[in-house]
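Work through the exercises below with the model open. Each task is followed by a solution in steps.

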Amino acid sequence: METRIIVVTSGKGGVGKTTVTANLSARLAMEGFKVVAIDADIGLRNLDVVMGLENRIVFNMIDVIEGACKLPQALVRDKRVENLYLLPAAQTRTKDAVTSDQMKELCDSLRGEFDFVLVDSPAGIESGFRNAAAGADEALVVATPEVSSVRDADRIIGLLESFGKTSINLIVNRVRPEMVRSGKMLGVSDVMEILAIDLIGIVPEDDSVVVSTNKGEPLAMTNVSPASRAFEKIAGRIMGKDIPLQDIDDLEEKGFLVNFRKLFGRRGGRS
Amino acid sequence: MGFLDRFFRRETPRKSAKERLQLVLIHDRADISPGTMELIRKDLIKVISNYMVISEEGIEMDLERDGRSVALVASIPVLEVKRKRSREGDK
């Protein structure tokens, strides 16, 4: 298949870009695709610890760009999942160490070698984000249902559009159905109405994410939890499978329990 | 809280978040300052007044959302259409 290069971005920090990148990369590799996750957050690298690969880094992206090593030498192979690789960021450099053109060249050099390239973008709208987006064909925008996150996501979507990106999909992360139901929090339908882009997945708030990050084992690899199921579905949709989105209003009006019951056929329907 | 809020159609935090966001994003997206809006308003009045008598106090002008784009929508009450000029032209 033709290599698909996808940037994971959000504008605001702390909304789950790295978690999404780690889990979708792992999930896609588990589905049999050859995947590389690139950490484009130069100077503040974290994808390595979230994926649990921090002890095996020898070279990094900047070494490749500056010609200090060959690309394959810098790729960290994940021993738990076949076909999963990490290209780490440099930790002791700054975002100015790389240009958009170099990033684009690096991404293009991965074409043909991998099925999926997922680029974890740094927060912000400056050069780090622009570089991360430069080499990508598609974008996943991660937002949480909070005013600051949604506002920043809107800005990022506008910028991605101005860069000429046409495939932009939204992931709403850390959704808390009970709070939406009681009118305390923005719901997925609200976020969608405001941002007006296509939704590719909803990830519920899930304590397992904290635990898996602490252990350095992406949820998708080990755990069966609401968030890992959500990542599995998003990966499926990225692959082009027709997986219906959870009935958003049901999710918000009645909570997950109802959907769980529906899954077992009490009322039939979607989940 | 949720039930009562819905029952009395009270303003919930969810609703105020949505409304505040919609408003702030219109201005973020358009990137037009209130000063510029005022200039547009004055120019509109000047141009339209050449043809019509309008109620300046009744003018409603605002930016509105349409999907991911923004529209400038103005409602300008017309008091009288000026026909003098064209009639004079006829004579």
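**Exercise 1.** What is the mean pLDDT of chain A, and what share of its residues reach 70 or more?

Solution. The model is predicted, so start with confidence. Chain A has a mean pLDDT of 92, and 91% of its residues reach 70 or more. Next, look for weak stretches: over residues 265-271 of chain A, pLDDT stays under 50. For these residues the model has ten contacts beyond four places in sequence. Where pLDDT is low, predicted coordinates should not be read in detail.

**Exercise 2.** Which residues of helix α5 of chain A are buried, and what do they pack against?

Solution. Helix α5 covers residues 100-110 of chain A. Count a residue as buried if 20 or more other C-beta atoms lie within 10 Å of its own. The residues that pass are M103(A), L106(A) and C107(A). Down the axis of α5(A), these buried residues fall within an arc of 95°, so they line one face of the helix. On the other side of α5(A), D101(A) and S109(A) are exposed. The partners of the buried residues in chain A are β1 (4-9), α3 (61-65), β5 (116-120) and α6 (127-134). Finally, check the residue G112(A), just after α5(A): its phi is positive, about 90°.

**Exercise 3.** How many residues of domain 1 of chain B are in contact with domain 2 of chain B?

Solution. Set the bounds: in chain B, domain 1 spans 1-31 and domain 2 spans 32-91. Six residues of domain 1 of chain B contact four residues of domain 2 of chain B. By class, the domain 1 side of this contact has two nonpolar, two polar and two charged residues.

Methods: Residues are numbered from 1 along each chain as its sequence is written. Chains are lettered from A and ligands numbered from 1 in the order in which they are written. This is a predicted model: local features need pLDDT of at least 70, side-chain atom pairs count only at pLDDT 80 or more; totals for chains, interfaces and linings use all residues. pLDDT is the predictor's confidence in each residue, from 0 to 100. Two residues are in contact if their C-beta atoms, placed from the backbone, lie within 7 Å. A residue is buried if 20 or more other C-beta atoms lie within 10 Å of its own, exposed if 12 or fewer, and partly exposed in between; C-beta atoms are placed from the backbone. Helices (H or I, at least four residues) and strands (E, at least two) are DSSP runs, numbered from the N terminus. The arc is that of the directions from the helix axis to the C-beta atoms. Domain bounds come from an automatic or database domain assignment. Ala, Val, Leu, Ile, Met, Phe, Trp, Tyr, Cys and Pro count as nonpolar, Asp, Glu, Lys and Arg as charged, and the others, Gly among them, as polar.
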